[in-house]
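Trainee: Got a minute to go through this one with me? I'd like to start with a single residue and work outwards.
Mentor: Fine, put it up.

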Amino acid sequence: SVYVLTHYLLVAVFSQPWRPLPKNNEDLNFVKSYEPQNKNITQLRILLHGPFGAGKSSFINSVDSVLQGRITGRALTDATSIKSFTKKYISYKIERGNEGYYSFIFTDIMGFEQNASRGIHIEDVKLALRGHVAEGYKFVPNSPMTQDSGSYQASPSLDDRVHVLVSVIPAGRVNLLSDSVVKKMREVRLEACEMGIPQVAILTKVDEACPTVNNNIENIYKSKYLKQQVDRLSVILGLPSNCIYLVKNYGTENSPNDDINAPILSALRQIISYGEDFVNDL
Ligand SMILES: Nc1nc2c(ncn2[C@@H]2O[C@H](COP(=O)(O)OP(=O)(O)OP(=O)(O)O)[C@@H](O)[C@H]2O)c(=O)[nH]1
Ligand SMILES: [Mg+2]
């Protein structure tokens, strides 16, 4: 029956992970010790974009939780207004013990929506990539920022520019993305390509998408269903599969654990490595 077939597809696993995750702290050490070699920038700017509710803010919180060693909730609480929309252009630094901050920051923006009168305008994302959007700017759906806006930065510094673009999409929704959202994401991607900005995609909510992974997060890179979603997204966005990562964000857990940390750190390491290559060529 269809049910049995669907269920089989959802629970089937490879005997070996198709992308192994290091068991030691290799990725954690890499992330913790990262400093940009290019001394003309103080930090790597990572911009997250994607559909509304994809888990963008949760990913920032997850990285924060992994590095702090405790569950934090900043990006969600700071940026929450009426809905869970992140209406403002807000950047998050992550505290490095008593030594200030890590050398990468996340910029969180409002999600894309199918309905043009809601969600972020594509032109605003393009302006953000170039560093024209000042911190704290409040996005107006369907009405992109103009050069007359007080928040328009006419001559952005290298720090203001985006150094890595991360597309965030729920793993179980790859096939359900609306044409208009896909079109917007592809357009942003093309703009980033033209500027030479490297790109990574993250498939979130793997626990919701796949029962086998919900039972045991260690199955994350063994799930056949999730591998299919990675390949599918690769076709939809035109991004190589090896730039697409699977993540379960922290939500209801009381404390971080290695099995949830590993895929988050693996994605973050790639994001930072690509960003570092880009800023070295600036
Ligand atoms: N089960 C599960 N839930 C998640 C995961 N990531 C995010 N969520 C939940 O999905 C909802 C939306 O997450 P957000 O992080 O607010 O998504 P967003 O992309 O920032 O959304 P907007 O800013 O509104 O566009 C929240 O209720 C999260 O708790 C995940 O990996 N697994
Ligand atoms: Mg958000």
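Trainee: Which residues is Tyr-89 in contact with, leaving aside its neighbours within four places in sequence?
Mentor: Thr-107, Ile-109, Ala-128, Val-133, Glu-135, Gly-136 and Tyr-137. Keep in mind that this is a predicted model.

Trainee: How far apart are the C-alpha atoms of Tyr-89 and Tyr-137?
Mentor: They are separated by 5.3 Å, with the two positions 48 residues apart along the chain.

Trainee: And where is Tyr-89 found?
Mentor: In the loop between helix 4 (74–79) and strand 2 (90–92).

Trainee: Is Tyr-89 buried or exposed?
Mentor: Tyr-89 counts as buried because 23 other C-beta atoms lie within 10 Å, and the cut-off for buried is 20 or more.

Trainee: Ala-128 was on that contact list. Which residues of helix 5 are buried?
Mentor: Helix 5 covers residues 122–129, and its buried residues are Asp-124, Val-125, Leu-127, Ala-128 and Leu-129. They pack against strand 1 (44–49) and helix 6 (179–195). Just after helix 5 comes Gly-131, with a positive phi of about 85°.

Trainee: Switching to the ligand. Which residues come nearest to ligand 1?
Mentor: Gly-55, Lys-56, Ser-57, Ser-58 and Gly-111, out of 20 residues around it. Two elements give two or more residues to that shell, helix 3 (56–68) and helix 7 (206–209). Helix 3 has the largest share, three residues.

Trainee: How does the shell divide into nonpolar, polar and charged?
Mentor: Five nonpolar, 10 polar and five charged.

Trainee: What about helix 3 itself, how many of its residues are buried?
Mentor: 12 of 13, so it is mostly covered, taking 20 or more C-beta neighbours within 10 Å as buried. Among the buried ones are Lys-56, Ser-57 and Ser-58. From first C-alpha to last, helix 3 reaches 19 Å, close to the expected 18 Å. Gly-69 follows helix 3 and has a positive phi, near 75°.

Trainee: Last topic, the largest nonpolar core. Which members touch the most others?
Mentor: Val-166, Val-200, Ala-201, Ile-202, Leu-203, Val-206 and Leu-226, in a core of 76 residues. Helix 10 (residues 258–280) supplies the largest share, 10 residues.

Trainee: Take Val-206 from that set. What is it in contact with, beyond four places in sequence?
Mentor: Ala-171, Val-213, Ile-220, Leu-226, Leu-246, Val-247 and Lys-248. Leu-226 is also one of the core residues that touch the most other members.

Methods. Residues numbered from 1 in each chain as written. Chains lettered and ligands numbered in written order. Predicted model: local features only at pLDDT ≥ 70, side-chain atom pairs only at ≥ 80, totals over all residues. Near = placed C-beta within 6 Å. Helix = DSSP H or I, 4+ residues; strand = E, 2+ residues; numbered from the N terminus. Nonpolar A, V, L, I, M, F, W, Y, C, P; charged D, E, K, R; others polar. Contact = placed C-beta atoms within 7 Å. Core = buried A, V, L, I, M, F, W, Y, C linked by C-beta atoms within 7 Å. Expected span 1.5 Å × (residues − 1).
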